[in-house]
Amino acid sequence: MSLLQINDPSAGPRPIGIDLGTTNSLVAYVSSLGDPIAISDCDGIVLVPSVVHYRGDRSLVVGPRAKELAVDFPEDTIVSVKRFMGRGAEDPETRRMGPYRFASATGPVVRFEVAGRGEVTPVEVSAEILRELKDRAEDELGQVGGAVITVPAYFDDAQRQATKDAARLAGLEVLRLLNEPTAAALAYGLDKKQNGTFVVYDLGGGTFDVTVLVLDDGVFQVKSTGGDSQLGGDDMDRALASKILEALGQAAPSPSFTRYALDAARAIKHALTDSETVTTELSHEGITQPFTITRADFDALIAPLLARTGAACRRALKDADVSAESLDGVILVGGSTRVPAVRAFVAKTFGREPLGDVDPDLVVAMGAALQADMLAGSAKNDVLLLDVLPLSLGVEAMGGVVERILPRNTPIPCEAAQVFTTYADQQTGFELHVVQGERELAVDCRSLARFTLRGIPPMAAGLARLEVRFSVDADGLLHVTAKERTTGLEQKVEVKPSYGLDDATIERMLEEAYEAGESDIEKRSLAEQRVEAERVILATDKALAEDGDLVTEDERTKIDRALTRLREAHAGTSHRILASRIEELEHATHEFAGRRMDRAIRGALRGKDLGAIEDTTKDARGLERAHDRS
Amino acid sequence: MPSPFEILGVEARFDLDLAALEKRYRELSREAHPDAKRSATLGASIDLNAAYRALKDDLSRGRALLEARGVAMGGEERENDPGFLMEVMELREALGDARDAKDLGKVLVLATRVRGFYDASKKALTAAFASSDHAIAKHHLGRLRYYRRFLDEVDVIQEENELA
Ligand SMILES: Nc1ncnc2c1ncn2[C@@H]1O[C@H](COP(=O)(O)OP(=O)(O)OP(=O)(O)O)[C@@H](O)[C@H]1O
Ligand SMILES: [Mg+2]
């Protein structure tokens with residue numbers, strides 16, 4: 001956010017595009033000149049970590065601060081919530097490595113137990129992230145209009161519905177749920193003005209999508225899509241974290257060790273993107289252990305994950321009836337495509353080097369902003385997106401097999417009707433089980449809804465004609481209506497009950513949120529200031545312990561006083577006092593921070609171990625960064 | 001209800017130029033899709049999508065063409081020729097055995113053979129439609145359906161194998 005930004009109040013609400021990612025989220029809009037612009041915070045940072053930290057006083061913290069708190073509060077800090085969207089309590093994801101307390105072992109919705117709230121659902125957690133993004137957008141733009149929110153192309157109906165619910169809960173008007181690869185292609189295609197057949201390979205923190213699409217003079221036609229909504233950088237982290245826990249001798253790790261191992265794994269993974277070998281010291285809760293890993297070791301760990309993406313790529317090409325040779329380009333999206341093994345794998349799979357001129361972090365949000373702009377009617381581009389249904393829709397037939405009603409990769413919006421009949425004399429009710437997925441048996445597919453059509457007039461078996469109509473809208477969401485054809489009796493069925501939140505629950509939550517209104521904002525800033533205070537106190541204590549010799553006596557007195565005053569304010573309830581005390585302490589440590597930085601850099605030049613320098617400079621910068629803001 | 005050929009404004013024939021069809025679909029979407037034209041209805045877009053999907057695929061295009069020519073299908077097309085049925089049964093059995101034995105090489109050999117049969121039947125189907133020999137067209141549509149199912153199973157096996 002720049003101070004010179006001039007907001008034209010007469011411009012009215014501005015549509016926004018949101019990339020709600022597993023690891024990082026961001027919000028973008030289209031400027032009056034027609035360019036997509038990602039909104040950054042006061043530090044110029046665009047990506048908001050998709051992390052929500054819950055505190056005992058019912059307040060919460062979202063984004064970068066929450067991410068820092070995850071190590072100390074692993075159970076109350078929800079990371080990668082997107083992997084749980086639209087999932088039941090028994091979902092495999094709940095059994096994978098992670099530090100959470102799940103509220104129940106069964107039920108249609110995953111629930112986390114967190115401080116201050118009791119239970120929260122993934123929809124509620126996501127809503128907090130969306131609220132944060134909306135706040136940021138409002139800071140920048142004044143008024144925010146409708147939003148296009150991106151979802152993985154391979155998200156099923158339950159996951160899409162959950163995303164839409166989260167947006168509603170955050171008070172956002174959803175203009176469209178847009179598939180992430182399609183959004184990326186839109187931003188890329190509009191920028192480059194190139195026609196042809198492209199593949200988007202999107203490997204993010206939590207999800208994988210592959211989409212084949214044709215760009216033809218402003219029409220973006222998706223031909224096929226495939227993927228896995230539980231496959232991403234998180235799984236690489238887990239694979240590596242197992243090795244780390246092993247090295248630390250943690251067979252049954254505590255939540256804190258789990259969080260530590262996952263964070264360490266990610267840091268090492270990132271380092272392996274630039275170096276062939278990483279040597280570091282693992283250290284947590286008094287246990288330390290040197291650890292070395294080569295890129296080749298890491299590549300072997302993630303090979304099975306890449307193989308899964310390869311299978312999806314080949315299927316997508318086949319479904320699109322396109323050969324790898326006839327492609328005009330491969331677009332890489334998502335942070336995990338920075339991993340050298342991923343790039344090499346993609347190059348091998350498609351027989352060509354991927355395009356190098358795409359920003360894998362921003363392109364999805366940019367596309368969402370462009371689509372929002374078009375849907376809000378202010379677009380300057382003559383563009384149309386044609387997308388498809390990612391997973392087949394069907395009903396469970398006799399014997400538990402799936403009868404397919406709409407196959408995957410059907411262009412949307414679409415509709416199909418199927419006629420069923422009664423199998424017993426005088427049967428007045430008929431049960432339907434709607435499922436989504438490619439497997440032959442209904443139990444192996446995603447259950448979307450079970451409902452009973454009632455009030456069928458009593459007739460002999462096989463006479464009633466029940467017409468069930470499935471429609472999929474442009475968001476990829478399913479609607480079902482049923483009709484008895486001999487009598488014309490019609491029923492509209494909401495495909496929702498077998499998962500997620502029903503409308504009444506959402507209304508109630510919205511009301512609660514509204515009532516909480518103002519006091520929530522106060523609470524939130526208090527919580528944020530407290531976290532900031534804790535961070536600054538910790539950084540200062542650590543700095544004094546390590547480099548205490550760099551402070552003069554006079555400085556030391558001032559710093560100690562500021563520390564005491566800040567601790568007092570931290571126990572109080574005024575976020576304003578807290579903010580000014582933080583500033584006081586930052587002022588008192590300003591010169592000290594500068595000297596520490598110098599020492600760290602001199603240390604670096606003397607060729608200390610690389611990781612150690614990064615740590616020290618990061619600490620020193622921790623103090624520095626606080627000053628930038630004051 | 002207009003036929004898919006009418007909706008897409010293309011000649012009602014079996015051997016359509018699919019690339020041209022696709023282009024036509026995109027052009028018409030600019031008129032039919034509510035995102036592109038405010039006056040367009042969701043229904044128009046749904047109909048266009050359905051028509052495009054029907055014509056893109058050999059089997060459904062064949063059915064649509066029979067219907068457009070006023071030939072009753074009478075339920076799903078079936079090929080009742082005993083020799084053919086026997087052959088298909090043997091092929092499927094061989095495929096099942098290869099699947100159980102995880103013999104991918106064998107699966108691929110069978111797939112190549114069936115793809116050959118598919119192409120031959122498709123050729124015959126094209127000729128039958130060209131000479132308006134609808135009884136023969138129906139036979140070949142039935143065959144395509146069996147071959148298609150066989151090839152779908154091959155896809156499933158291939159994916160199984162890839163992930164194993
Ligand atoms: N330099 C790097 N080397 C390796 N991995 C990286 C690098 N930079 C980012 N990543 C990984 O990329 C992932 C985050 O990517 P991204 O921000 O695109 O995901 P996301 O959009 O939040 O997730 P999704 O799209 O799956 O919902 C993380 O797993 C992160 O560790
Ligand atoms: Mg992403």
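Leaving aside its neighbours within four places in sequence, which residues is Asp547(A) in contact with? Select Asp547(A) to begin, and Phe592(A), Arg596(A) and Arg599(A) appear as its contacts beyond those neighbours, where contact means heavy atoms within 4.5 Å.

Before going on, note that this is a predicted model, in which local features need pLDDT of at least 70 and side-chain atom pairs count only at pLDDT 80 or more, while totals for chains, interfaces and linings use all residues. Residues are numbered from 1 along each chain as its sequence is written, chains are lettered from A and ligands numbered from 1 in the order in which they are written, and side-chain values use heavy atoms, with hydrogens and water left out.

**Around Asp547(A)**

Colour helix H10 (residues 503-547) of chain A, in which Asp547(A) is found; helices (H or I, at least four residues) and strands (E, at least two) are DSSP runs, numbered from the N terminus. Asp547(A) has 8% relative accessibility and therefore counts as buried, a word that stands for under 20% relative accessible area, with exposed for over 50% and partly exposed for what lies in between (1.4 Å probe, protein chains only). Show the side chains of Asp547(A) and Arg596(A), and a polar contact of 2.6 Å joins them; a polar contact is a pair of N or O atoms within 3.5 Å, and within protein one must be able to donate a hydrogen and the other to accept it, while residues adjacent in sequence count only if both atoms are side-chain atoms.

Next select helix H11 (residues 553-571) of chain A, which holds both Arg556(A) and Asp560(A), 4 residues apart or about one turn of the helix. Their side chains meet in a salt bridge of 3.4 Å, N to O, the term being used for a side-chain nitrogen of Lys or Arg within 4 Å of a carboxyl oxygen of Asp or Glu. Arg556(A) counts as partly exposed at 34% relative accessibility, and Asp560(A) counts as partly exposed at 32%. Back at Asp547(A), salt bridges that share partners join this residue with Lys542(A), Glu546(A), Asp549(A), Arg596(A) and Arg599(A) into one network.

**Chain A as a whole**

Display all of chain A, which has 13 helices and 26 strands and 630 residues, of which 55% count as buried. Then pick helix H8 (residues 340-350) of chain A, where the buried residues include Phe345(A), Val346(A) and Phe350(A). Among the elements that cover the buried residues of H8(A) are helix H7 (295-320) and strand E17 (329-333) of chain A. Just after H8(A) comes Gly351(A), with a positive phi near 65°.

For a loop, move to Gln426(A), which is found between strand E21 (414-420) and strand E22 (430-436) of chain A. Gln426(A) and Ile456(A) are 30 residues apart in sequence and 8.8 Å apart in space, C-alpha to C-alpha, and, apart from its neighbours within four places in sequence, Gln426(A) is in contact with Pro458(A) and Met459(A).

**Where chain B meets chain A**

Now bring in chain B, whose domain assignment, of an automatic or database kind, gives domain 1 (4-56) and domain 2 (82-163). The C-alpha centres of these two domains of chain B lie 30 Å apart.

How many residues does the contact take from chain B and from chain A? Chain B gives 21 residues and chain A gives 32 residues. The area buried between the two chains is about 2,300 Å², of which carbon and sulfur atoms give 49%; buried area is the accessible area (1.4 Å probe) that two parts lose on being put together, summed over both. Select Arg26(B), Arg30(B) and Arg53(B), which supply 27% of the area that chain B buries against chain A, more than any other three residues.

Across this interface the rule finds 7 salt bridges. One joins Arg176(A) and Asp35(B) at 2.7 Å, N to O, and Arg26(B) forms another with Asp216(A), the closest N and O atoms being 2.9 Å apart. This second pair runs from helix H2 of chain B to strand E13 of chain A, and both Arg26(B) and Asp216(A) are buried.
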